Amino acid sequence: AAIVDFLAANDRIPKMLVVGITSGGSAKRTHDLTPPSAAEMDTRFSPGNGGAEAFLSFIGDELIPYVDKTYRTRPYRLLAGHSFGGLFGIYALTKKPKLFSGYIAADPSLYWNNQAVAAQAESFFSHTGSLQADFYMTATDPSDKVPSEIGRLNAALTKSAPVGFRWKFDWMQQENHMSIPLPSIYRGLETIFEEWRLTDPLALFDKGGIEAIHKRFREAGKRFGYPERTTPPFTVSLVVAALMSASRLEEASKVLLHDTVAYPPPWNQLDALARAYDSRGNIEQAARYYLLSLKENPRNELARKKLTEMGVRIPELP
């Protein structure tokens with residue numbers, strides 16, 4: 001919950017509800033999160049395992065409908081789990097692939113039942129042509145080698161990942177099995193919601209202009225259940241600032257004024273643009289942007305002074 005609050009507060013992921021299900025002790029946790037195991041396998045957890053199917057049905061048939069009815073939800077749901085929880089997440093993906101849109105599997109116990117879930121995933125991916133979902137998995141091991149069951153799943157994804165299925169694996173050798181959940185959830189959320197933010201807006205602008213940026217945020221919003229999402233105003237300001245730093249003033253001015261209803265131009269950027277034109281000796285454009293800046297911020301004494309020096313009549317402002 002703290003990770004979600006932190007990342008959402010910095011607009012690196014959307015705001016979300018965190019639903020935790022108490023396990024009722026390690027034995028109950030083992031029972032709920034594991035598929036049935038062969039009698040000769042995993043004797044240290046027997047009896048008492050094999051309840052994954054019932055637990056998945058509870059989540060899909062009771063818990064999710066209750067949450068959707070009680071709270072304001074979006075259609076994008078993410079399942080995160082560690083160890084047996086990661087095993088359960090991969091099991092859920094193969095059994096009910098439409099129930100969740102994203103998965104974080106932290107060091108999943110895919111060794112369970114002689115790698116039966118890994119084999120199940122191999123078959124699932126080889127027979128699934130398309131699936132819009134996001135999958136992030138981590139692992140660690142004292143041997144410094146990726147466990148065979150993890151490698152098996154990675155190989156299956158490399159060979160047969162469905163169209164629309166985005167996945168990433170991180171080998172976190174610096175962690176151990178008990179320390180890996182925290183960085184896995186943090187990096188997993190950042191990775192899955194990578195398109196929620198734009199780290200280099202100027203690069204995308206150079207490829208397709210401001211409309212390419214708007215398209216990026218629209219498409220990301222739809223994927224994550226926000227069909228009405230628009231480009232954050234701060235991102236537009238970042239593009240303007242980058243263009244001005246590159247002395248591309250004409251482009252900066254077009255972006256700054258491209259949609260004054262949806263993106264009212266900040267007075268300080270109008271002021272900065274005016275100063276940039278003034279330094280070039282373009283008095284006409286400098287005056288234009290000083291006037292616009294003064295309109296947005298009537299207390300901008302620098303703009304008032306500059307306009308007076310230019311001999312420009314300052315209209316009466318409300």
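This passage walks through a helix pair, the aromatic groups and a handful of single residues in a predicted model.

We can start with helices H5 and H6. Helix H5 covers residues 112-126 and helix H6 covers residues 148-160, and their axes come within 9 Å of each other, crossing at roughly 5°. Angles under 35 degrees count as roughly parallel, so H5 and H6 are roughly parallel to each other. On the H5 side, the contact is made by Gln-115, Ala-118, Ala-119, Ala-121, Glu-122, Phe-125 and Ser-126. Facing them from H6 are Ser-148, Glu-149, Arg-152, Leu-153, Ala-156, Leu-157 and Ser-160. Sorted by type, the residues of this contact come out as seven nonpolar, four polar and three charged.

Two of the H5 residues in that contact deserve a closer look. Phe-125 sits in helix H5 and is buried, with a relative accessible area of 2%. Setting aside neighbours within four places in sequence, Phe-125 touches Leu-93, Leu-153, Leu-157, Ser-160, Pro-162 and Phe-165. Leu-153, Leu-157 and Ser-160 also turn up on the H6 side of the helix contact. As for distance across the model, the C-alpha atoms of Phe-125 and Ala-272 are 54 Å apart, with their positions 147 residues apart along the chain. Gln-115, the other one, is placed in helix H5 too. With 17% relative accessibility, Gln-115 counts as buried. Its backbone is a bit of an oddity: phi is near 65°, a positive value in a residue other than glycine. Most residues other than glycine have a negative phi.

Ser-83 does something similar, with a positive phi of about 60° although it is not a glycine. This serine belongs to the loop between strand E1 (78-82) and helix H4 (84-95). The relative accessibility of Ser-83 is 11%, so it counts as buried.

Turning to the aromatics, the structure holds 15 aromatic pairs. In one of them, the ring centres of Phe-124 and Phe-125 are 5.4 Å apart and the planes stand at 70°, so the pair is edge-to-face. Phe-124 and Phe-125 are both buried. Elsewhere, Tyr-76, Phe-193, Trp-196, Phe-224 and Tyr-226 come together as one aromatic cluster. Two members of this cluster also have an arginine over the ring. The charged end of Arg-74 sits over the ring of Tyr-226, at 3.9 Å from its centre. For Trp-196, the partner is Arg-229, whose charged end sits over the ring 3.5 Å from its centre.

That leaves Pro-265 and Thr-308. Pro-265 falls in the loop between helix H10 (249-256) and helix H11 (267-280), and at 8% relative accessibility this proline counts as buried. Beyond its neighbours within four places in sequence, Pro-265 is in contact with Leu-256, Leu-257, Thr-260, Leu-270 and Glu-296. From Pro-265 to Leu-292 there are 27 residues in sequence and 8.9 Å in space, C-alpha to C-alpha. Thr-308, by contrast, is exposed, at 53% relative accessibility. This threonine lies in helix H13, which runs over residues 301-310. Its C-alpha atom is separated by 43 Å from that of Ala-9, and the two residues are 299 apart along the chain.

How values were computed:
Residues numbered from 1 in each chain as written. Predicted model: local features only at pLDDT ≥ 70, side-chain atom pairs only at ≥ 80, totals over all residues. Heavy atoms only, no water. Axes fitted to C-alpha atoms, helices over the stretch in contact; angles between N-to-C directions. Helix = DSSP H or I, 4+ residues; strand = E, 2+ residues; numbered from the N terminus. Parallel < 35°, antiparallel > 145°, perpendicular 65-115°, else oblique. Contact = heavy atoms within 4.5 Å. Nonpolar A, V, L, I, M, F, W, Y, C, P; charged D, E, K, R; others polar. Phe/Tyr/Trp six-rings, centres within 6.5 Å; stacked < 30°, edge-to-face > 60°. Buried < 20%, exposed > 50% of the residue type's maximum accessible area, 1.4 Å probe, protein only. Lys NZ or Arg CZ within 6 Å of the ring centre and 35° of its normal.
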